[in-house]
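Student: Could you take me through one part of this model closely? I would like to look at chain B, and then see how chain A compares in its own details.

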Amino acid sequence: MTRSAYRAEGRAIGERCLAALRDAGAEQVDADILQPASVLLDLYGEDIRGRAYVTADPLRGEQMLRPDFTVPIVRRHMENGAEPARYTYLGAVFRQQDFDESRATESLQVGYELFDRDTPSADAEVFATIAGLLGDAPLRAATGDIGILRAAVLGLNTTERRKAALLRHLWRPRRFRQLLDRFGGRSPVPAARAALLEQADPMADLPPVMGLRSESEIAIRVAALKEDAAADPISTTELDLIDALLALSETCPNVLVALRDLSVDLPAIGAAVDGLSARLDALGARGVDVDALPFEGSYGRTSMEYYDGFVFGFYAESRPDLPPVATGGRYDALTAVLGGGTGVPAVGGVIRPEVLAELEAGA
Amino acid sequence: MTLKLGVPSKGRLMDKTFDWFADRGVTLRKSGGEREYAGAVDGIDGVELVLLSAGEIPRELAAGRIHLGVTGSDLVRERLANWDSRVVELAQMGFGGADLIIAVPQAWIDVDTLDDLDAVAAAFRAAHGHRLRIATKYHRLVRDFLRHHGVADYQLVDSQGATEGTIRNETAEAIADITSTGETLRANGLKILSDGLIHSSQATLFRGRRRGWTDAQRATLKALEAQLGL
């Protein structure tokens, strides 16, 4: 087990951040180190197995060493919390490091989670609070907004089924691209699919069905494939708009202008762009230099899939080998999943104080 | 200090390995009786034969307890995280070939690619309330492959044998398993996804990291490589 070499210094920085957050009115909460694996597996899918430590309890079944605090805190809030609520915590999280032995498997996180219905103001509060705690460390900020991409997909002039497929893969850029290419007619129909669609009644000579997936489920998907084959491809104009959105990489004010232009052809993103504008105002009101703040259209898409709106991170520019010093974002959909359908707007961020300590030691 | 060469301790894999080395002028043999796991090496000095289970060779190589080892390339990739930084492939030996593939029921006429599997996994989860189960014993290889290709809403269930039967028994909806001819799959009403080849495995001679090796061991490796024509 690799422990961070900056444990003591990191702990001291973490305690300072925790005290500051408590003083600012956040309630300090804790989470069990052993978390039920099923909740995390259902949420993140099988990938989390490769990143978290899984262990087995003879009575309780599979357990995981907590890979983050957000999920247990959201569960706790959804059971008995009232808005607005502010939580803070300090503790170790555990991640397997398959590819880089130098990265710590046990590392400290201090976090801030905010449940509040005033979205732009809450986004700005979490970002400014985290930035404030990082002080004048030489860091590069990155921001993005998954909500704009989401709105763009919802606004495409295509079938609901295609939109649902694309939304499911917002966080998997490679699969998202493949789906977009197929729905846009840019990639050829696979031979087996074409052969299936040519049959008058594909279900006529069905081999014996076995297993849980039933004949009617197969028939439903065959019908869906026929519907999809009959639907028009997503237009080149719309595909280009999505590409333009994903390629954005500019300061926030310039991105805002570019997005206003895009929304002329893609009016569905209008509300999300208004949201970005309101967030920038709220950030400015908190003293953040938004004119210099970068925005990337693709930022946050490769992280684990719970951020669905504003996303941000702070990186040590002089030390690209280090993990991000802080990350955060909005995760409204996660609260709905964990709350059994009813969600609340939520945004949060974490600082990795040991990374900050390592950076300061090397500076 | 000798150079320890790990070789599978029984069966076809052992026989074929002995043949492969013999063809290159190095004789490996069991030194005692047929049931004894002690070995001897002729034709080169300083190499010691260690007979052990093929499944344990990756771990022993990574730990440095053996210096060279013959095992399936699938086992090294499955058992060792970040395998290519921990062992080096010296020679693909041209036998013990088998493919790790993903297979689904033939009745799934709507499924031919990973793209289909992913779409079906989403629908299956919505209909049945749990993720689509893929039975396998190759957890790391399958998970890395599916992550790389952006497949979601599946879960891996462990199956250490008779994996082809799990779908009929309703403990899985799809499988990821080793096959050489596909005959057992077809007999069990299964078909291979057209882009579902995860890894083409064969018996491979690996060497571990040379950290801590003596000069004598390094010289022995050079001599062995020359003898084997590597």
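Tutor: Happy to; what follows starts with the domains of chain B, goes on to its sheet and its contact with chain A, and ends with some details of chain A. Please keep in mind that this is a predicted model.

Let's begin with the domains. The assignment for chain B gives domain 1 as 3-96 + 202-228 and domain 2 as 98-201. Their C-alpha centres lie 32 Å apart. Where the two domains of chain B meet, domain 1 gives six residues and domain 2 gives seven residues. On the domain 1 side, helix H3 (residues 73-79) of chain B supplies the largest share, four residues. That side of domain 1 has no nonpolar residues at all, but three polar and three charged ones.

While we are at H3 of chain B, have a look at the loop between H3 and strand E6 (87-92) of chain B, where Asn82(B) is found. The phi of Asn82(B) is near 55 degrees, a positive value in a residue other than glycine. That is worth a glance because most residues other than glycine have a negative phi.

There is also a record to set beside the domains. UniProt, in an unreviewed entry, places the feature "domain: ATP phosphoribosyltransferase catalytic" at residues 54-212 of chain B. Over residues 54-212 of chain B, the model is 28% helix and 33% strand, and the C-alpha atoms at the two ends are 24 Å apart.

Now for the sheet. In chain B, five strands make an open sheet in the order E9-E8-E10-E7-E11, and the pairing is mixed. At the edges you will find E9 and strand E11 (190-201) of chain B, each of which pairs on one side only. From one strand to the next, the twist averages 25 degrees. Within this sheet, strand E8 (residues 132-136) and strand E10 (residues 174-179) of chain B pair in the parallel sense over two bridges. To find your place there, look for Ile134(B), which stands opposite Ala174(B) in E10(B).

Next comes the contact between the chains, which takes 33 residues from chain B and 33 residues from chain A. On the chain B side, the elements giving two or more residues are helix H4 (114-128), helix H5 (139-148) and strand E9 (154-158) of chain B. H4(B) gives the largest share of that side, nine residues. By class, the chain B side has 15 nonpolar, eight polar and ten charged residues. E9(B) therefore turns up in two places in this account: as an edge strand of the sheet and among the elements that touch chain A.

Crossing over to chain A, the domain assignment gives domain 1 (1-126 + 349-354) and domain 2 (162-205 + 214-234). The C-alpha centres of these two domains of chain A lie 38 Å apart.

Chain A also has an open sheet of three strands, in the order E2-E4-E3, with antiparallel pairing. Its edge strands are strand E2 (34-36) and strand E3 (54-57) of chain A, each pairing on one side only. The twist in this sheet averages 45 degrees from one strand to the next. E2(A) is joined to strand E4 (residues 61-65) of chain A by three bridges, and the two run antiparallel. Gln35(A) stands opposite Met64(A) in E4(A).

A pair of helices in chain A is worth a look as well. The axes of helix H1 (residues 7-23) and helix H14 (residues 353-362) of chain A come within 8 Å and cross at roughly 120 degrees. The crossing of H1(A) and H14(A) is right-handed. From H1(A), the residues that meet H14(A) are Arg7(A), Glu9(A), Gly10(A), Ile13(A), Gly14(A) and Cys17(A); their partners in H14(A) are Pro353(A), Glu354(A), Leu356(A) and Ala357(A). By class, this helix contact has five nonpolar, two polar and three charged residues.

One last stop is the backbone at Pro84(A), in the loop between helix H3 (70-80) and strand E5 (85-94) of chain A. The peptide bond from Glu83(A) to Pro84(A) is cis, with omega near -10 degrees.

How values were computed: Residues are numbered from 1 along each chain as its sequence is written. Chains are lettered from A and ligands numbered from 1 in the order in which they are written. This is a predicted model: local features need pLDDT of at least 70, side-chain atom pairs count only at pLDDT 80 or more; totals for chains, interfaces and linings use all residues. Ala, Val, Leu, Ile, Met, Phe, Trp, Tyr, Cys and Pro count as nonpolar, Asp, Glu, Lys and Arg as charged, and the others, Gly among them, as polar. Two strands pair if DSSP finds at least two bridges between them. Axes are lines fitted to C-alpha atoms, for helices over the stretch in contact, and angles run from 0 to 180 degrees between N-to-C directions. A crossing is left-handed if the near helix is turned anticlockwise from the far one by less than a right angle, and right-handed if clockwise. Domain bounds come from an automatic or database domain assignment. UniProt positions are given in the numbering used here, feature names are shortened, and annotations may be inferred rather than shown by experiment.
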